[in-house]
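The following exercises are to be worked with the sequence and the three-dimensional structure at hand. Each task is followed by a solution in steps.

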Amino acid sequence: MIADGIRVWVFSGDDVDSAVPVTATRYLKKQADGRVAEVFEGLTFVTVIGAGHEVPLSKPHAAFELFKYFLRGKPLPK
């Protein structure tokens, strides 16, 4: 998909969550407005600070912002 130019964003919360652990995204270093993001050649990993695995339920504003930036094809603000 990435080779065909399709953008891929993977997002999760960082709260301890037995249903969906986020250990793979805890190493990320860039943080802005409650989000941590890292981009790897077309693949973007986003962690929403303080959210569980159901990000839209626990952090609806942050989830809405993520979707807006994704749909507009823009990177998250620094």
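Helices (H or I, at least four residues) and strands (E, at least two) are DSSP runs, numbered from the N terminus. The model is predicted: local features need pLDDT of at least 70, side-chain atom pairs count only at pLDDT 80 or more, and totals for chains, interfaces and linings use all residues. Residues are numbered from 1 along each chain as its sequence is written, and side-chain values use heavy atoms, with hydrogens and water left out.

**Exercise 1. The salt bridge**

Task: Identify the residues that form a salt bridge and state how they are placed in helix α2.

Solution.
1. A salt bridge is a side-chain nitrogen of Lys or Arg within 4 Å of a carboxyl oxygen of Asp or Glu. Side chains of opposite charge can pair when their charged atoms come close.
2. The search of the whole structure yields 1 salt bridge. Its partners are E65 and K68, whose closest N and O atoms are 3.0 Å apart.
3. Both residues belong to helix α2, and because they are 3 residues apart there, about one helical turn separates them.
4. For accessibility, buried means under 20% relative accessible area, exposed over 50%, and partly exposed in between (1.4 Å probe, protein chains only). E65, at 15%, therefore counts as buried, whereas K68, at 23%, is partly exposed.

**Exercise 2. The two sides of helix α2**

Task: Compare the span of α2 with its expected value, and determine which residues of α2 are buried and which exposed residues lie on the face turned away from them.

Solution.
1. The expected span of a helix is 1.5 Å times one less than its number of residues. Helix α2 (residues 60–72) has 13 residues and reaches 18 Å from its first C-alpha to its last, close to the 18 Å expected.
2. The buried residues of α2 are A62, A63, E65 and L66. They lie on the same side of α2 because they cover an arc of only 160° around the axis, the arc being that of the directions from the helix axis to the C-beta atoms.
3. On the face turned away from the buried side, α2 carries the exposed residues P60, H61, L71 and R72.
4. After α2 comes G73, which has a positive phi, near 70°.

**Exercise 3. Aromatic pairs**

Task: Find the aromatic pairs in the whole structure and classify each of them.

Solution.
1. Rings of Phe, Tyr and Trp (its six-membered ring) pair if their centres lie within 6.5 Å; planes under 30 degrees apart count as stacked, over 60 as edge-to-face and the rest as tilted.
2. The search finds 2 aromatic pairs. In one, the ring centres of W9 and F70 are 5.4 Å apart and the planes stand at 65°, so this pair is edge-to-face. It links distant parts of the chain: W9 lies in strand β1 (residues 8–13) and F70 in helix α2, 61 residues apart. F70 has a relative accessible area of 24% and is partly exposed.
3. F11 and F67 also form an edge-to-face pair, with 5.8 Å from centre to centre and 90° between the planes. This pair joins F11 in strand β1 to F67 in helix α2, 56 residues apart.
4. F11, at 33% relative accessibility, counts as partly exposed, and F67, at 40%, is partly exposed.
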